[in-house]
Amino acid sequence: MKSSITLNVHGITSFADADKLNALAGEAAVHLRSLRDGTGRGNDFLGWLNLPETARLSTGKIMACANRLRSQAPVTVVIGIGGSYLGAKALIDALSDPFAHPGHRIIFAGHTLSEDYHAALLRHLDGIDYNIVVISKSGTTTEPAIAFRILRNHLSARTGKENVSRYIVAVTDAHRGALHNLAVTEGYETFVIPDDVGGRYSVLTPVGLLPLALAGYDIDEFIRGMQTMAALTRDNDDPSNIALVYAAARNILYGSGYLTEILVSYEPTLAAVAEWWKQLFGESEGKENRGIFPASVSFTTDLHSMGQYIQEGERHFLETVISVTASGSEMRIPVSPDDSDGVGFIAGRKMTEVNERASAATRLAHISGGVPNIVITVPCINEFYLGQLLYFFEISCAVSGYILGVNPFNQPGVESYKKNMFALLGKPGYEKEKERLEKELKVKS
């Protein structure tokens with residue numbers, strides 16, 4: 001039987017009362033039960049809880065689609081923003097060789113409004129056969145809608161309008177919405193985003209599984225990792241449950257004035273996992289003037305830029321460190337006849353050992369400097385353990401939101417900028433709001 005990720009909160013003992021932490025972990029178990037029972041806030045968006053068991057129902061269709069797309073083009077452009085692409089990117093970046101693209105290449109679009117980005121993307125795609133997977137529940141979110149229109153036109157000019165539909169797959173609502181209607185009209189193959197699964201919790205739906213399968217990775221192992229973590233966390237009411245302890249620890253620290261949580265990794269390929277994590281916690285907890293601000297750094301790289309501030313700046317943040325035990329490679333530091341670079345004392349050692357020692361040294365320095373530290377240990381980076389890690393964060397986030405007293409499954413605040421953007425761009429129906437905002441811009445510019 002494979003091992004599982006572990007949690008170490010010894011690095012917060014100087015900053016949090018142990019009895020209070022244990023008591024809050026017990027309270028977290030009550031919130032976990034309300035999550036399972038569907039009696040908490042946001043209970044109409046709990047479909048993600050059971051995805052570890054139900055996701056396998058769609059894997060046959062996903063693999064068939066992935067094989068078809070892979071056979072007809074070497075590249076797929078995945079269009080989406082927020083939860084519609086961050087999970088897939090996190091997984092693919094974590095598993096991929098950063099300097100090579102063996103097999104099928106995934107390119108992401110629809111997550112920016114930069115004209116230069118889209119122009120460069122079209123230049124890159126000129127002369128390349130490619131597919132499009134467009135991911136949007138509504139089909140009207142501005143960034144992916146624009147990207148899809150641009151890329152659909154570009155692809156249609158290449159393939160002919162009569163052939164373009166076989167190169168396009170839509171992941172969208174089952175019954176309604178602009179993208180659903182277009183997919184039906186044009187005959188795109190489709191996959192469903194369940195109504196009761198929000199975007200930031202959707203990585204175990206076709207939103208995450210289809211791009212992962214396209215990239216050539218084992219979606220069954222990813223699902224199995226999530227199933228394992230569901231048994232350890234979702235189905236476990238013991239206060240020692242690592243998801244409950246993590247949720248309790250970060251809320252205890254938040255109550256003591258630690259307002260920012262920095263997710264730390266010593267593996268560059270996990271940078272996109274941090275971006276997914278930031279959306280998960282930021283969008284779930286940042287409401288009603290509450291919530292820990294999620295940030296991230298990549299060590300040891302950022303120790304040479306942010307290290308001074310973390311060590312001696314304002315004392316308002318905590319660190320959660322993702323520690324990877326085993327690497328997928330073996331590289332030892334060479335022996336050199338001269339020691340002009342001063343690193344001869346570590347010659348012959350594995351890079352992983354040096355990285356781990358750097359992590360331990362940094363953690364000790366930061367704790368002594370007033371920064372609480374939580375450590376999540378991952379045995380290695382593969383589909384199975386990534387499944388565990390992401391589901392662990394999802395459960396922890398949901399429970400943490402309940403401890404905080406907010407609905408972790410809505411995002412009312414994101415509508416404010418969207419309404420302003422629609423008005424300023426002249427969307428029909430926003431005429432009065434456009435006039436008001438234009439006046440306000442003149443005053444504030």
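So, α11 and α14: these two helices cross in a right-handed way. Keep in mind as we go that this is a predicted model. Helix α11 covers residues 271-285, and α14 runs over 383-404. They pack at an angle of about 20°, and their axes are 9 Å apart. That angle is why we can call α11 roughly parallel to α14, since anything under 35 degrees counts that way.

Who actually meets whom there? On the α11 side you'll find, among others, Val273, Trp276, Trp277, Leu280 and Phe281. Across from them, α14 brings in residues including Leu386, Leu389, Leu390, Phe393 and Cys397. There's some charge and polarity on the list too, with Ser284 and Glu285 from α11, and Glu394 and Ser400 from α14.

OK, on to the aromatics. How many aromatic pairs turn up in the whole structure? The search finds 19. Let me pick out one of them, tryptophan 48 with phenylalanine 409: the pair is tilted, with 6.1 Å from centre to centre and 45° between the planes. Now look at where the two partners live. Tryptophan 48 is in the loop between α1 and α2, while phenylalanine 409 is in the loop between α14 and α15, so this pair ties together parts that are 361 residues apart in sequence.

Are those two rings' residues buried or exposed? Tryptophan 48 has a relative accessibility of 1%, so it counts as buried. Phenylalanine 409 comes in at 5%, and it's buried as well. They also have company: Trp48, Tyr201, Tyr391, Tyr402 and Phe409 make up one aromatic cluster.

Tyr402 gives us a handy link to serine 34. That serine sits in helix α1, residues 18-37. Setting aside neighbours within four places in sequence, serine 34 touches Thr39, Gly40 and, yes, Tyr402. Its relative accessibility is 16%, so serine 34 counts as buried, the cut-off being under 20%.

Two more rings deserve a mention, this time with charges over them. Lysine 61 has its charged end over the ring of phenylalanine 191, 4.6 Å from the centre. And arginine 152 lies over the face of phenylalanine 148, 4.8 Å from the ring centre.

Last stop, helix α8, residues 206-214. How many of its residues are buried? Nine of its nine. The buried ones include Pro206, Val207, Gly208 and a run of Leu209 and Leu210. Then, just after α8, glycine 216 takes a positive phi of about 95°.

Definitions and conventions: Residues are numbered from 1 along each chain as its sequence is written. This is a predicted model: local features need pLDDT of at least 70, side-chain atom pairs count only at pLDDT 80 or more; totals for chains, interfaces and linings use all residues. Side-chain values use heavy atoms; hydrogens and water are left out. Helices (H or I, at least four residues) and strands (E, at least two) are DSSP runs, numbered from the N terminus. Buried means under 20% relative accessible area, exposed over 50%, partly exposed in between (1.4 Å probe, protein chains only). Contact means heavy atoms within 4.5 Å. Rings of Phe, Tyr and Trp (its six-membered ring) pair if their centres lie within 6.5 Å; planes under 30 degrees apart count as stacked, over 60 as edge-to-face and the rest as tilted. A charge sits over a ring if NZ of Lys or CZ of Arg is within 6 Å of the ring centre and within 35 degrees of the ring normal. Axes are lines fitted to C-alpha atoms, for helices over the stretch in contact, and angles run from 0 to 180 degrees between N-to-C directions. Angles under 35 degrees count as roughly parallel, over 145 as roughly antiparallel, 65 to 115 as roughly perpendicular and the rest as oblique. A crossing is left-handed if the near helix is turned anticlockwise from the far one by less than a right angle, and right-handed if clockwise.
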